[in-house]
Amino acid sequence: MNPSIDSKREWPLYEIFIRARGGLDHKHVGSLHACDARMAIEHARDLYTRRQEGVSIWAVRSVDITASDPQDADSLFEPARDKIYRHPTFYDIPEAVKTL
Amino acid sequence: MSALRYVLRLGDLSLVLGQRLGEWIGHAPVLEEDLGLANIALDLIGQARLLLAYAGEIEGRGRSEDEIAFFRQHSEYLNPTLVEQPNGDFGETIVRQVLIDAFQLELYERLAVSSDERLAAIAAKAVKETRYHLRYSSSWLVRLGDGTQESHARVQASLDRLWPFTVELFEEDDLDREMAEQSIAPRLADVRVGWSKRIDEVLAEATLDRPRERPYSWFGKRGQHSEHLGYILAEMQHLQRAYPGARW
């Protein structure tokens, strides 16, 4: 490894969220390096909206995201598996209703 | 043919600057900036296409924008000398960019109400792009100017070196006066007031000193260029001159 590259001096990582159109929610599109929030927005504009992909950008420092631990998946997500009654599938929907 | 020369001045500014910025592709300090500079370069080439195509129509000899770009000589190019200056380090490119972005923005805002409808439409489109260019370049200038001792000293030195080239931007000659009288172009004195205000604001935020005015002798906009333009044209025009009409 090149000793001149000091990983501690790299720009922080930002997670980028783009809203494709008014009314939709912001979706995660990727991450990039920037030295501050404003630069993150500008980089995101150049990287992720070149082809009119969006109308709004959110940038969040990756370190500020608290993630669930994959090892906890058993206790977090497994218990929902056998509770099918939580799905709203036990209602009779009139045939005339198309868009529900 | 005054209008033709005026439109060439605008188009050549965008073309030469776009070509210069394109030299950064693959060489910028980080990947994100590589794309940032390439986007600006492409915006400028896009502006140049519209302007040079219009110049071709005014000229009336059936030349396309490509022919005008690739088959004119050094002294037929009418861009201001500032935009042909070498990229230098990233900081010097940013300084050049701030100086010219602020100029283009003030100019395009006024050209958007030009009596020449075609020019007004091109300016109205370009003004949105240019507003972003200035946002990008000035935020970098603030970061570098108000950054470390090293970055501050380097961008201040670049500013001192490039500053004399800004004189030409506002030096009103017969062509500029004629365009202003026909309400095709704004008075350069008015553009200068707006430019100066923007530059003072960004320099203050970047903790940089505005250099003193110095005498100046290049007039690229009249075809009297620095030695650098020749190298740019040699690279840009080589393919079309070696293989006229080549397409891909």
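Colleague: In what order do the elements of chain B run from the N terminus on?

Modeller: They run α-α-α-α-α-α-α-α-α-α, which comes to 10 helices and zero strands. Helices (H or I, at least four residues) and strands (E, at least two) are DSSP runs, numbered from the N terminus. This is a predicted model, in which local features need pLDDT of at least 70, side-chain atom pairs count only at pLDDT 80 or more, and totals for chains, interfaces and linings use all residues. Residues are numbered from 1 along each chain as its sequence is written, while chains are lettered from A and ligands numbered from 1 in the order in which they are written.

Colleague: How do I read the radius of gyration of chain B?

Modeller: The radius is taken over C-alpha atoms and set against the globule rule, 2.2 Å times the number of residues to the power 0.38. For the 248 residues of chain B the rule gives 18 Å and the model has 17 Å, so the chain is as compact as a globular protein of that length. Its C-alpha atoms fill a box of roughly 55 × 40 × 30 Å along the principal axes.

Colleague: What span should helix α2 of chain B have?

Modeller: The expected span is 1.5 Å times one less than the number of residues. Helix α2(B), residues 31-59, has 29 residues and should span 42 Å; its end C-alpha atoms are 41 Å apart, which agrees. After α2(B) comes B:Gly60, with a positive phi near 75°.

Colleague: Which residues have the most contacts inside the largest nonpolar core?

Modeller: In soluble globular proteins, nonpolar side chains tend to be buried together. A residue is buried if 20 or more other C-beta atoms lie within 10 Å of its own, exposed if 12 or fewer, and partly exposed in between, with C-beta atoms placed from the backbone. A nonpolar core is a set of buried Ala, Val, Leu, Ile, Met, Phe, Trp, Tyr and Cys residues joined through C-beta atoms within 7 Å. Here the largest core has 65 residues, and B:Val7, B:Leu51, B:Ala102 and B:Leu141 have the most contacts inside it. Its largest share, 12 residues, comes from α4(B). Apart from this core lies another, of 10 residues, among them A:Leu32 and A:Ile57.

Colleague: How do the side chains along strand β1 of chain A point?

Modeller: They alternate: A:Tyr14, A:Ile16 and A:Ile18 point to one face and are buried, whereas A:Leu13, A:Glu15, A:Phe17 and A:Arg19 point to the other and are not. Two strands pair if DSSP finds at least two bridges between them. β1(A) pairs with β2(A) in the antiparallel sense over seven bridges, and six bridges join β1(A) to β3(A), also antiparallel. A:Phe17 has A:His28 as its bridge partner in β2(A), and A:Tyr14 has A:Arg61 in β3(A). Six residues separate β1(A) and β2(A) in their hairpin, and A:Gly23 in the turn has a positive phi of about 95°.

Colleague: How many residues of chain A are in contact with chain B?

Modeller: Two residues are in contact if their C-beta atoms, placed from the backbone, lie within 7 Å. By that rule, 10 residues of chain A touch seven residues of chain B. The largest share of chain A's side, six residues, comes from α1(A).

Colleague: Is A:Gln52 buried or exposed?

Modeller: A:Gln52 counts as exposed because it has 7 C-beta neighbours inside 10 Å. Its phi is near 60°, a positive value in a residue other than glycine.
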